[in-house]
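Me: Please take a close look at one part of this structure, and then at its surroundings. I am new to it, so spell out the terms as you go.

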Amino acid sequence: SVSAASDAQLVVENSGVAAINLLSPASSHGQIIFGDPDDNDVGQLGYDHASNLMYFKVNGSSTKVFKVDSTSATFTGNVGVGAAEGSSPTSVANFLEIAGATAGIVFNDTGVEPWDMYASGGKLGTRYNNSVEGWWLMANGDMGVGTSGPSDYYADKFVVYDGDEGGMTIANSSTTGKSYL
């Protein structure tokens with residue numbers, strides 16, 4: 001048996017699944033509302049039946065600050081963070097901050113090796129399979145393609161590096177059999 005917290009005023013206990021069921025019309029909402037002496041609805045956890053949308057509201061706002069929707073019989077998993085609607089698996093309005101010593105995102109397409117995009121040491125860059133250098137943008141505006149250190153080269157504003165051929169092709173048609181820079 002589990003003991004209730006000493007300040008709990010409502011306890012639901014069962015030897016199996018313990019549940020609270022909030023029933024409301026299909027065109028309405030079910031809500032758990034949190035209040036304090038200054039605001040009787042400072043926080044809300046709700047479910048909008050008409051939109052099939054679970055949401056949070058905070059600080060007395062009428063804005064749904066975090067939403068998860070399911071628009072079909074199969075849960076789509078769309079999440080809106082500060083966005084009007086969750087139109088993709090994650091919809092973020094304004095900025096998404098990813099913090100850390102090396103902060104980044106991994107783009108992992110099923111069946112192929114992932115791409116990494118991250119900020120590290122004042123640089124923004126990409127790598128394929130966490131080993132092949134993609135492009136790097138330095139804080140001073142210098143850019144490297146295939147190298148994380150364009151300042152290592154004589155002309156360091158834009159460097160294209162290929163360890164085998166060391167070149168770049170600029171063309172307006174097929175490059176087969178043509179020379180490169």
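Reply: The part chosen here is a hairpin: strand 8 and strand 9 form it, with 2 residues between them, and Gly-121 in the turn has a positive phi of about 60°. The model is predicted, with local features needing pLDDT of at least 70 and side-chain atom pairs counting only at pLDDT 80 or more, while totals for chains, interfaces and linings use all residues. Residues are numbered from 1 along each chain as its sequence is written, and side-chain values use heavy atoms, with hydrogens and water left out.

Strands are DSSP runs of E with at least two residues, and they are numbered from the N terminus. Two strands pair if DSSP finds at least two bridges between them. Strand 9 covers residues 123–128 and runs antiparallel to strand 8, with 6 bridges between the two. One residue of the hairpin, Met-117, has Thr-126 in strand 9 as its bridge partner.

Strand 8 (residues 115–120) is also joined to strand 7 (residues 103–107), again in the antiparallel sense, by 5 bridges. There, Ala-119 in strand 8 stands opposite Ala-103. In a regular strand, side chains alternate between the two faces of the sheet.

Arg-127 forms a salt bridge with Glu-133, and their closest N and O atoms are 3.2 Å apart. A salt bridge here is a side-chain nitrogen of Lys or Arg within 4 Å of a carboxyl oxygen of Asp or Glu. The structure holds 1 such bridge. Glu-133 has a relative accessible area of 24%, so it counts as partly exposed (buried is under 20%, exposed over 50%, partly exposed in between, with a 1.4 Å probe and protein chains only).

Elsewhere in the chain, Asp-48 belongs to strand 2 (residues 39–48). Asp-48 is buried because its relative accessible area is 7%. Its side chain reaches two backbone nitrogens, that of Ala-50 at 3.1 Å and that of Ser-51 at 3.2 Å. Beyond four places in sequence, Asp-48 is in contact (heavy atoms within 4.5 Å) with Ser-28, His-29, Leu-53, Tyr-55 and Lys-64.

Met-54 is in strand 3 (residues 53–57). With 36% relative accessibility, Met-54 is partly exposed. Residues up to four places away aside, Met-54 touches Leu-45, Gly-46, Tyr-47, Phe-66, Lys-67 and Val-68. From Met-54 to Lys-64 there are 10 residues in sequence and 9.3 Å in space, C-alpha to C-alpha.

Definitions and conventions:
Helix = DSSP H or I, 4+ residues; strand = E, 2+ residues; numbered from the N terminus. Polar contact = N/O pair within 3.5 Å; in protein donor to acceptor, adjacent residues only side chain to side chain.
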